[in-house]
Amino acid sequence: MGDRYDFTATERKWQERWDALGLFLAPEKPRPDRAFYLLEMFAYPSGDLHMGHFRNYGIGDAVGRFLLMNGKDVLHPFGWDAFGLPAEGAAIKRGVHPRDWTLGNIAQSKSTLKAMGIAYDWSREITTCLPDYYKFTQWMFLLLHRRGLVYRKNAPVNWCGTCNTVLANEQVEQGTCWRCHNPVAKRELEQWYVRITDYAQRLLDGLDTLPQWPASTLAAQRNWIGRSEGAEIRFAAPGPAANPISIEVFTTRPDTLWGVTFLSVAPESEIGRRAAATAPNAAAVAAYAAEAERRTEIERTAADREKTGVATGWHVAHPCTGAPIPVYVADYVLATYGTGAVMGVPAHDERDFVFARKMGLPLQVVVLPPTGAEGFTGDVATWPTAWTAPGVMTASAPFDGRHSDEAIPAIVAWLAEQGFGRPKVTFKLRDWLISRQRYWGCPIPMIHCATCGVVPVPDEQLPVLLPETITNWIPKGRSPLADVPEFVATTCPKCGAAAQRDVDTMDTFIDSSWYHLRYVDPRNTTLPCSREAADAWLPIDLYIGGPEHANGHCLYFRFFTKVMKDAGYIDVDEPAVRLFHHGMVLDPQGRRMSKSLGNLVSPIDMMREFGSDASRIAMFFFAPSDAAISWSEDGVQGAKKLVQRVFDLVTDFVDVVAAFPVDVVGAPSSSSAKDVRRAAHEVLRRFDSAFRGDLALNTGIAAVYELLNLFPKAADVAAWSQGDRATVAESIRLLVKALAPVAPHLCEELHERLGGTGSVFREAWPTFDPAALRRDEVEIAVQVNGKIKARVTVATGATDAAHEAAAMTSDVLLSSLGGKTAKRVVVVKGRLVNFIV
């Protein structure tokens with residue numbers, strides 16, 4: 001046994017050595033066949049780092065070190081997602097400036113990351129709240145504007161009364177604010193939108209090119225984009241009218257058109273507003289719309305909620321039959337989907353069925369249930385629910401007798417010929433609302449001129465600086481910047497007249513939608529990144545972060561990448577080749593860690609007590625990297641003991657290792673030496689497989705335990721043959737290199753004690769020997785009627801007869817058989833022999 005491992009001194013020593021060596025600095029011009037862009041989602045500096053950060057960045061660090069040992073030119077940068085509501089809220093609560101609060105948290109978090117020993121290229125650090133970064137956030141906004149992808153409109157928006165700002169659809173979770181979790185209401189405002197819907201099909205198609213993204217994220221984005229194919233059908237008021245109404249509806253079931261008995265429109269839709277003002281039943285419609293406005297979209301569309309509505313007094317003509325169809329305003333219809341109006345087919349849609357029964361509206365069967373379908377008799381009044389499945393069409397001339405599914409294309413074509421409708425593809429994806437009525441964000445680079453209208457700030461005048469002398473940034477339902485006259489007052493870039501700056505700031509998801517581009521060229525003062533730097537590093541080879549960003553950030557940064565490609569600034573269409581979602585870190589009771597529960601664990605406190613390497617090993621060993629873990633201090637205690645065991649083992653055998661060249665290959669003759677070599681190569685094989693595959697590093701750590709348990713004492717090895725001692729030397733060196741990405745400080749120290757120079761991460765990653773993994777003998781189970789009675793060993797690759805013969809040498813088996821002859825013997829080679837008696 002050697003000295004106690006001093007993790008504090010060792011970690012400080014090697015962190016300073018890595019900085020001196022510039023070990024993690026990415027080359028300006030990487031070798032094309034060696035470039036690897038590794039990225040973890042950057043941190044929001046709302047305080048010091050938590051255990052979720054520790055896990056995320058620890059996984060990335062281990063991968064980065066593995067890549068260095070495999071000769072890759074690694075770009076592994078880091079930065080700070082520094083604008084946004086949490087910092088502003090904390091600053092308001094504490095009475096400090098959001099900038100000071102944010103930059104202080106960044107300094108603290110950066111110190112924690114350095115204590116972890118994370119292998120970042122800090123020369124490429126970015127901070128989104130600093131002018132050298134948000135200059136190009138504004139540049140991105142102007143690029144979108146030039147390409148017709150930004151516009152301003154007056155529309156109902158998601159409004160969080162607690163945060164006093166609007167929210168994008170993606171930031172509303174189950175009807176509540178993603179940040180404060182309070183209910184979200186609707187408010188009418190003029191806001192800036194990004195026309196992400198122009199890219200809906202491209203975003204959908206691109207998912208098919210991402211086989212290395214999690215299936216759950218691909219499915220979530222497909223659902224969020226929500227492509228639907230069908231028909232848009234026009235229902236118009238019958239006969240001449242001074243101010244005729246015409247309602248267009250989108251449906252994926254044009255085969256049920258002949259079953260329409262009413263139309264429903266959203267209260268907030270254009271036709272719904274018109275009804276509240278001019279319909280025969282306008283007063284009731286207006287009262288109903290006011291009530292609906294107080295409900296969230298989640299509440300309105302809940303499947304188990306009672307369906308409500310009010311008749312407008314309007315009727316439109318059925319396009320096929322001419323029959324009058326009543327028009328209702330109903331809050332289960334949303335203006336944000338399709339046209340904001342739906343055709344009511346109560347015989348063939350469950351929601352319409354419930355609504356029609358409540359309102360006393362008729363049901364018209366146009367798709368026949370098969371004979372014998374339970375509950376679906378010839379009398380539709382007795383039906384228990386709507387028949388929503390396909391079937392044979394009826395009362396639908398000229399398509400009677402055709403199967404509904406097969407008839408849809410012909411029906412759509414017929415509608416177009418008749419002038420009643422047209423084929424249509426719609427998407428659930430809505431345009432991205434990016435205006436925020438808050439101070440701590442990137443100013444929108446637009447100017448409002450009484451003569452010229454809304455004018456973009458010229459590129460050469462960027463950045464539009466966020467005023468830092470502001471003392472009152474408490475939100476009032478409008479932007480605090482509106483109360484800063486020196487910010488608001490400006491001149492029009494077109495006519496030179498007095499004008500006003502736009503006072504809203506941008507959604508912080510804009511900041512994080514392009515940050516991956518900035519890392520490749522972070523000091524460029526004219527462009528977000530040069531084409532040369534983009535070509536050298538993009539796309540990201542491995543992107544690591546949590547699954548909660550599937551429909552927000554992971555969608556937005558795909559969109560920005562496509563826009564930048566279309567504009568000719570980069571040559572990649574997707575931002576990341578592989579996306580990996582790490583699992584959550586829970587407390588011992590399986591609860592999410594949070595300040596409100598008081599169950600947070602501080603990474604810096606943990607590292608001070610146990611060391612960075614022990615903390616990392618514990619995190620990796622609890623579960624595969626993509627699975628949730630329950631944090632346990634006992635697990636960290638065990639990892640600390642493992643670190644000491646590895647340290648003791650290697651230092652005990654320094655003299656044995658020194659007696660052999662660094663490239664020695666063991667030639668074991670004894671079974672003990674063969675077991676050691678096999679276990680050492682198994683450690684290497686498991687880590688190699690994890691790093692090249694699912695990142696389940698727990699399997700490699702388990703193999704380290706197995707190796708340690710097999711290793712003989714140094715005194716015993718002294719009597720071993722030269723070939724067996726060479727095996728010890730080879731195995732020790734393999735252990736140190738294989739464990740290095742997981743426990744970097746420990747293994748750097750051990751590498752040096754074994755005579756290594758420089759850094760272990762400039763050593764080549766070893767190759768495991770498949771031959772070393774093969775066993776001469778394997779242990780098999782001996783069973784009687786499926787119950788294990790004994791274990792015996794057989795030669796690897798032995799025949800069935802040899803398996804049976806080996807089993808029969810067991811006295812326990814013979815006793816269990818009691819002289820009986822087996823009816824049948826089942827052999828599973830290398831695993832078991834089962835005697836059926």
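**Figure 1. Glutamine 783, a buried residue in strand β30 of this predicted model.** Start with glutamine 783, which is buried, with a relative accessible area of 12%. That value falls under the 20% cut-off, so the residue counts as buried. Glutamine 783 is found in strand β30, which covers residues 777-784. Who are its neighbours? Leaving aside residues up to four places away in sequence, glutamine 783 touches Ile788, Lys789, Leu832, Val833, Asn834 and Phe835.

**Figure 2. The open sheet that holds β30.** Pull back a little from glutamine 783 and you'll find four strands in the order β31-β30-β33-β32, forming an open sheet with mixed pairing. At the edges are β31 (787-795) and β32 (824-828), and each of these pairs on one side only. Ignoring direction, neighbouring strands of this sheet are turned by 20° against each other on average. A helix joins the picture too: α28 (residues 800-807) packs on the sheet and touches β30, β31, β32 and β33. The direction of α28 makes about 120° with that of β31.

**Figure 3. A closer look at β32 and β33.** How many bridges join β32 to β33? There are five, and the two strands run antiparallel. Strand β33 spans residues 832-836. To find your way along the pair, look for valine 827, which stands opposite valine 833 in β33. Valine 833 is also one of the residues that glutamine 783 touches.

**Figure 4. Helices α8 and α9 cross at roughly 130°.** Here are two helices in contact: α8 (residues 270-278) and α9 (residues 282-292). Their axes come within 6 Å and cross at roughly 130°, which makes α8 oblique to α9. On the α8 side, the contact is made by Gly272, Ala275, Ala276, Ala277 and Thr278. On the α9 side, look for Ala282, Val285 and Ala286. Sorted by class, this contact has six nonpolar residues, two polar ones and no charged ones.

**Figure 5. Asparagine 281, in the loop between α8 and α9.** Stay with the same two helices and look at the loop between α8 and α9, which is the place of asparagine 281. Is asparagine 281 buried or partly exposed? It's partly exposed, with a relative accessible area of 28%. Asparagine 281 touches Val310, Ala311, Thr312 and Gly313, not counting residues up to four places away in sequence. Take alanine 311: asparagine 281 and alanine 311 are 30 residues apart in sequence, yet 7.0 Å apart in space, C-alpha to C-alpha.

**Figure 6. The hairpin of β13 and β14.** Follow the contacts of asparagine 281 to Val310 and you've arrived at strand β13 (residues 310-317). This strand pairs with β14 (residues 324-329) in the antiparallel sense, over five bridges. Valine 310 has valine 329 as its bridge partner in β14. Together, β13 and β14 form a hairpin with six residues between them. In the turn, glycine 322 has a positive phi of about 80°.

**Figure 7. An antiparallel sheet of four strands.** This open sheet has the order β6-β5-β9-β19, with antiparallel pairing. β6 (165-167) and β19 (432-433) stand at the edges, each with a single partner strand, so one side of each is left without a neighbour in the sheet. Between β5 (residues 150-160) and β9 (residues 184-194) there are eleven bridges, and these two strands run antiparallel. One pair to pick out is proline 156 and its bridge partner in β9, glutamate 188.

**Figure 8. Two mostly covered helices, α2 and α19.** Helix α2 (residues 51-69) has 19 residues, and 18 of them are buried. From its first C-alpha to its last, α2 reaches 27 Å, close to the 27 Å expected at 1.5 Å a residue. Just after α2 comes glycine 71, which takes a positive phi of about 75°. Helix α19 (residues 612-622) is mostly covered as well, with nine of its eleven residues buried. Among the buried residues of α19 are Asp613, Arg616, Ile617, Met619 and Phe620.

Conventions: Residues numbered from 1 in each chain as written. Predicted model: local features only at pLDDT ≥ 70, side-chain atom pairs only at ≥ 80, totals over all residues. Heavy atoms only, no water. Axes fitted to C-alpha atoms, helices over the stretch in contact; angles between N-to-C directions. Parallel < 35°, antiparallel > 145°, perpendicular 65-115°, else oblique. Contact = heavy atoms within 4.5 Å. Nonpolar A, V, L, I, M, F, W, Y, C, P; charged D, E, K, R; others polar. Expected span 1.5 Å × (residues − 1). Buried < 20%, exposed > 50% of the residue type's maximum accessible area, 1.4 Å probe, protein only. Pairing = 2+ DSSP bridges.
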